[in-house]
Structure formats: structure tokens, C-alpha cells
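Here's a quick briefing to get you oriented. Have a look at the structure first, and then we'll walk through some of its parts.

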Amino acid sequence: MRIINEQQIQETYKMDDAIQDVTKLLLAKHRGQINNPHRTVLDFPDRQASALYMPSADNKAEIAGIKIVTIFPDNPKQHRPTTQGVIVLSDATNGEHVAMMTASYLTRLRTGALSAIATDHLARQDSRTLGVIGTGAMAFEQVLGVLAVRNIEQILLFNRTPEKAARFKEQLEAFGVDVAIHVADSAKTAVESADVIVCATRSVEPVFDGNDLKPGTHINGVGSYLPHMREMDETTIRRADKIVADDIIGVQGEAGELIHAANSGNWSFEELHAELEELVAGERPGRESEEEITFFKCVGAAYFDLAVAKGVYRKAQSRDIGTDVEL
């Protein structure tokens with residue numbers, strides 16, 4: 001088995017790689033070549049913690065994977081990370097376990113790649129201003145994803161804690177992002193000016209007023225991934241001309257703002273425009289006018305992790321990266 005650590009992955013596997021590999025797997029999913037069972041969750045009530053086991057398989061490529069993520073909220077008190085994850089890959093021709101790699105960066109990267117693909121299909125070609133609400137760890141790859149598919153000239157950052165937005169600005173500049181970056185004084189300021197919006201928060205209340213959206217805006221919502229979370233208000237959902245899901249089963253069970261709107265009777269999951277794979281396959285249209293408001297909702301699925309893990313393993317083999325161990 002080849003062990004590949006976080007630093008090795010970050011040095012060799014980038015956003016363009018992830019966009020390419022996730023696109024390929026979306027097409028494979030559309031052709032019925034992906035097996036994606038429901039995830040298993042083990043709860044540890046005494047610690048308010050949980051472990052998630054998320055398997056998937058690419059039957060055409062004959063490779064399987066499982067992402068294992070543990071979430072222990074009290075870990076920071078022991079100077080340990082709250083969330084820890086690994087991905088294990090298995091050869092589906094003989095059952096051999098061929099690789100294990102860390103999952104944190106890859107989870108952020110594949111989510112950024114999904115938003116990049118959605119933005120490419122749904123955002124106006126002349127989009128120039130990106131608004132970012134929530135500047136935690138997940139937001140960084142979201143910005144990189146949008147920059148990969150649109151000629152963004154200005155980024156507006158908003159966080160409830162302005163110091164975090166200022167640090168995020170410094171991180172982007174240190175990474176080499178060469179566009180004008182400003183810290184907005186409110187979510188309203190960012191939303192009113194933005195052509196593309198990224199929301200990456202764990203909020204349980206809407207983070208902006210849908211009335212502030214200008215016609216032609218595209219929104220990527222990646223932060224709220226549990227039924228009680230809500231980044232978008234019902235105004236945004238009602239104003240959206242097209243709502244696209246990364247995985248329809250996932251959003252029905254986990255996308256809090258859509259679940260809330262459906263339960264209130266003001267919206268129905270039958271109104272979803274498409275799954276992202278349908279846009280990639282050309283089965284459903286993306287943006288069709290300059291005035292449409294579009295919304296991509298992403299909650300994640302194991303086969304997206306498989307896409308990037310496969311890509312990392314392929315690079316690790318060709319460049320002799322990682323450490324081989326005998327089990």
C-alpha cells in the first residue's frame with residue numbers, strides 16, 4: 001500500500017487536476033458506472049462525536065474507495081484537530097488495498113472543483129466580481145475554483161469577524177492571487193456588487209437577503225450541509241431561475257435551506273433544474289440568459305472524493321510519490 005501525506009498531495013495535485021478528474025467522474029456517474037452506497041454514521045454520544053464511512057466504486061475503472069472522517073468537537077482542548085479524515089483506495093480487480101491518503105485538502109479541493117464546474121456552466125461569461133461570504137478553510141479552494149473558470153478582477157470578502165476576512169485576504173495574496181481583494185463591511189455590500197457569490201459558512205440562519213441579488217448572479221452554496229443549517233433565505237430560492245444540485249439524493253437529505261423551503265410549502269424538490277452531471281453531459285442546459293439568477297447547492301458525495309483520490313494515486317505512481325508499506 002502506498003501512503004501519501006497532505007504535503008505530498010498539495011505539492012502535486014492542483015485545482016486544474018481536480019476539475020478534470022471530477023468532470024470525468026460526473027460523466028461516468030451519468031453513464032451508470034458509479035456505485036455510491038449510502039454512508040454509514042457511527043455516533044459517540046458521550047463525546048458528541050461521530051465517525052462517517054463513505055464508500056464508492058468506479059466500476060468502469062475498476063477501483064473503489066472509502067473516505068473515513070471523524071468529528072470530535074472537544075479535540076481542540078487536547079490540541080488535536082476537530083476533523084480528521086483518510087481515503088483508502090482498493091483495486092476492484094483483485095481486492096488489493098493500493099493506497100491511503102489524507103482527506104482534508106482533497107475534500108476542500110474537490111468541493112472547489114465542483115463549484116468551478118457549476119460556475120463554468122451557470123455564471124455569466126463576463127462575470128468579474130466574486131463575493132465570498134465566510135472565510136474559513138473551505139472558502140480558499142472555492143475562490144481558486146471560480147478563478148480557474150472566470151476572469152475575476154475583484155474579490156469582496158465578508159466574515160462576521162473582520163479580522164478573519166483580513167487574514168484570508170493575506171492568504172490569497174501570499175498564494176499568488178493577483179486580483180484586487182477587499183474586505184467588505186457587510187454581506188449586503190458583497191452581494192450587491194457580486195456577479196458570482198460563494199457561501200461557505202456553517203450558519204443556521206440565512207447569511208444575506210435575497211432581495212440584494214442583482215439579475216444575472218450565480219451563487220455557489222457549499223457551507224450548509226446539515227438539515228438545520230441555512231445559508232440562503234427563501235427569497236433567494238424563489239428568485240433563482242435554476243437550482244442545480246451536486247447530488248440530488250444528498251441535497252434532499254442534507255441541504256438545510258432547500259429542506260426548509262420545501263417544508264414551508266414555498267418550494268419543491270421537483271423544481272430542481274438538474275444535477276450537475278446532467279449539465280456536464282449536455283442533457284440539461286446551463287445558463288440561458290444574462291438575467292437568470294442561478295444557484296448551485298453542494299453537500300458532497302463519496303464519488304467526488306473517489307475522483308480526486310484516483311487522480312492523486314495516478315500521479316503518485318507516475319512520479320514515485322509517497323511511501324510504500326507492507327501490511
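In which sense do strand 12 and strand 15 pair, and over how many bridges? They pair in the parallel sense, over 4 bridges. Keep in mind that what you're looking at is a predicted model. Strand 15 will come up again below, but let's start with the chain as a whole.

**The chain as a whole**

- You'll find 11 helices and 16 strands here.
- A compact globule of 327 residues would have a radius of gyration near 20 Å, so the 19 Å of this chain agrees with that picture.
- Along the principal axes, the C-alpha atoms fill a box of roughly 60 × 45 × 40 Å.
- Of the 327 residues in the chain, 54% are buried.
- Take the contacts between residues at least 6 apart in sequence: 70% of them join residues at least 24 apart.
- The accessible surface comes to about 14800 Å², and carbon and sulfur atoms account for 47% of that.
- As for charge, there are 34 positive and 48 negative side chains, yet the centres of the two sets lie just 2 Å apart.

**The parallel sheet**

- A bit of background: strands of a sheet pair through backbone hydrogen bonds, and they can do so parallel or antiparallel.
- Here, 8 strands form an open sheet with parallel pairing, and the order is 10-9-8-11-12-15-13-14.
- At the edges sit strand 10 (180-183) and strand 14 (274-275), each of which pairs on one side only.

**Strand 15 and its neighbours**

- Strand 15 covers residues 294-297 and has both of its faces covered.
- Thr294 and Phe296 are buried on one side of strand 15, while Phe295 and Lys297 are buried on the other.
- In the sheet order, strand 15 comes between strand 12 and strand 13.
- Strand 12 (residues 218-221) lines up so that Ile219 stands opposite Phe295 of strand 15, and Gly221 stands opposite Lys297.
- Strand 13 (residues 242-245) also runs parallel to strand 15, joined to it by 4 bridges.
- Phe295 turns up here too, as the bridge partner of Ile243.

**Helix 9 and its cover**

- Which residues of helix 9 (residues 256-264) are buried? They are Gly256, Glu257, Leu258, Ile259 and Ala261.
- The cover over those buried residues includes helix 7 (234-239), helix 8 (248-254), strand 13 and strand 15.
- Right after helix 9 comes Gly265, which has a positive phi near 85 degrees.

**Two loop residues with positive phi**

- Gln48 isn't a glycine, but its phi is positive all the same, near 50 degrees.
- You can spot Gln48 in the loop between strand 3 (40-44) and strand 4 (49-58).
- Is Gln48 buried or exposed? Its relative accessibility is 68%, so Gln48 counts as exposed, the cut-off for that being over 50%.
- Glu62 is another residue other than glycine with a positive phi, this one near 55 degrees.
- Look for Glu62 in the loop between strand 4 and strand 5 (63-71).
- With a relative accessible area of 42%, Glu62 is partly exposed.

Methods: Residues are numbered from 1 along each chain as its sequence is written. This is a predicted model: local features need pLDDT of at least 70, side-chain atom pairs count only at pLDDT 80 or more; totals for chains, interfaces and linings use all residues. Side-chain values use heavy atoms; hydrogens and water are left out. The radius of gyration is taken over C-alpha atoms; the globule rule is 2.2 Å times the number of residues to the power 0.38. Buried means under 20% relative accessible area, exposed over 50%, partly exposed in between (1.4 Å probe, protein chains only). Contact means heavy atoms within 4.5 Å. Accessible areas come from the Shrake-Rupley method with a 1.4 Å probe; for residues, only the protein chains shown count as cover. Lys and Arg count as positive and Asp and Glu as negative; His and the chain ends are not counted. The place of a charge is taken as NZ of Lys, CZ of Arg, CG of Asp or CD of Glu. Two strands pair if DSSP finds at least two bridges between them.
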